[in-house]
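Q: I would like to learn how to read the main features of a model such as this one, step by step. Could we look at it together?

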Amino acid sequence: MDGLINIYKEKGFTSHDVVAKMRGILHMKKIGHTGTLDPDATGVLPVCIGKGTRLCSLLENHDKTYQAVLLLGLETDTQDISGQVLQQKQVSVTEEQVKQAAAAFRGKIMQVPPMYSALKVNGKKLYEYAREGKTVERAPRPVEIYELSIDRIELPRVTMTVSCSKGTYIRTLCHDMGQVLGCGGCMESLVRTRVGNFYLEEAITLQELEQKRDRDELDSCIVTVEDIFRDLPSVSTGEPFDVLVHNGNRIRSHMLDRIPSGMQIRVYDSSGTFIGLYEADPVRKDYKPLKMFL
């Protein structure tokens with residue numbers, strides 16, 4: 001079993017909890033998730049298994065989409081509803097002001113990571129400092145909000161859909177929107193609806209995974225490594241050059257059956273065996289191994 005399973009993470013589970021439970025369900029150790037999702041959040045959590053675990057670092061970079069509920073008038077130390085209340089204010093903003101505030105966060109922005117996060121400073125996670133009552137200086141980081149649409153406004157609650165780059169904290173987005181509106185705000189709920197090409201509608205629960213195991217239907221929910229990168233152009237080596245890709249060597253365009261387009265490509269040998277992902281090196285004008293799966 002090598003590839004990826006699109007898991008629906010239920011409320012109350014950490015991402016590590018999901019991995020631990022899957023190890024028990026699938027009876028295998030080589031399992032890893034592709035990016036954490038807060039315990040109170042639900043939704044898409046792609047989990048890599050077998051040789052697919054080599055993809056974890058690549059898939060963490062995928063864009064993501066969330067549906068979040070912003071609760072105005074309430075600020076907490078964690079920037080979500082589970083935290084300790086720091087301040088409460090009356091909400092007297094208009095719907096038009098909410099829409100204007102949302103518009104200000106679309107595009108490339110700088111975001112200060114929350115203290116209650118797993119980012120490390122001096123080898124220690126920020127949430128560990130926070131639990132000790134300490135506040136650590138955090139440098140703003142560039143993130144990008146590709147889309148921020150207001151789905152529903154029922155003040156003090158605002159339901160919105162956010163598509164964003166890696167490293168974006170939706171909790172912090174809610175907090176910052178509350179600051180702009182002058183009444184404060186925190187995240188009340190969060191559902192991750194997409195990670196790259198993996199969608200909420202296709203995700204399965206841990207219970208459903210267990211049922212598929214019992215019915216010997218696991219193959220139906222495992223996305224192969226090839227399928228994960230089906231959008232990348234594929235090329236094959238000529239037979240004399242198979243030995244190079246079998247050994248993980250660099251290759252040049254004349255060794256392939258066609259001139260590939262794009263920086264990253266799927267490489268197969270002359271017999272059609274999937275070798276791995278290669279990346280173009282514009283300086284050396286060849287292709288270097290990115291991830292090997294032979």
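Q: To begin with the chain as a whole, what percentage of the 294 residues in the protein chain is buried?

A: A residue is called buried when it has under 20% relative accessible area. In this model, which is predicted, buried residues make up 46% of the 294 residues in the protein chain. The C-alpha trace spans about 75 × 50 × 40 Å along its principal axes, and the chain holds eight helices and 18 strands.

Q: What share of the contacts with a separation of 6 or more is between residues 24 or more positions apart?

A: A contact here means heavy atoms within 4.5 Å. Among the contacts in the protein chain with a separation of 6 or more, 64% are accounted for by residues 24 or more positions apart.

Q: Turning to the sheet of four strands, in what order do they lie, and is that sheet open or closed?

A: One reads a sheet by following which strand pairs with which. Here the order is 15-16-17-18, the pairing is mixed, and the sheet is open. Strand 15 (234–236) and strand 18 (286–292) are the edge strands, and because each has a single partner strand, one side of each is left without a neighbour in the sheet. On average, and with direction ignored, neighbouring strands of this sheet are turned by 40° against each other.

Q: How many bridges join strand 17 to strand 18, and do these strands run parallel or antiparallel?

A: Strand 17 (residues 274–281) is joined to strand 18 by six bridges, and the two run antiparallel. Opposite residues help to fix the register: Glu 279 faces Lys 288 in strand 18, while Asp 281 stands opposite Asp 286 in strand 18. The two strands form a hairpin with four residues between them, and in the turn Lys 285 has a positive phi of about 60°.

Q: How much space lies in the largest pocket, and which residues of its lining are closest to its centre?

A: A pocket can be described by its volume and then by its lining. The largest pocket holds about 1,200 Å³ of space; it is lined by 36 residues, of which Thr 36, Leu 37, Asp 38, Ala 118 and Tyr 169 are the closest to its centre.

Q: Which element gives the most to the lining of the largest pocket, and how do the lining residues divide by character?

A: Strand 12 gives the most, with three residues. Elements that each supply at least two residues of this lining include helix 1 (15–26), strand 4 (64–72), helix 4 (126–131) and helix 5 (170–181). By character, the lining of the largest pocket divides into twelve nonpolar, 13 polar and eleven charged residues.

Technical notes:
Residues numbered from 1 in each chain as written. Predicted model: local features only at pLDDT ≥ 70, side-chain atom pairs only at ≥ 80, totals over all residues. Heavy atoms only, no water. Pairing = 2+ DSSP bridges. Axes fitted to C-alpha atoms, helices over the stretch in contact; angles between N-to-C directions. 1 Å grid on protein atoms, 1.4 Å probe; cavity = no way out; pocket = protein on both sides within 12 Å on 5 of 7 lines; lining within 4 Å. Points joined across faces, edges and corners; volume = space filled by probe spheres on them. Nonpolar A, V, L, I, M, F, W, Y, C, P; charged D, E, K, R; others polar. Buried < 20%, exposed > 50% of the residue type's maximum accessible area, 1.4 Å probe, protein only.
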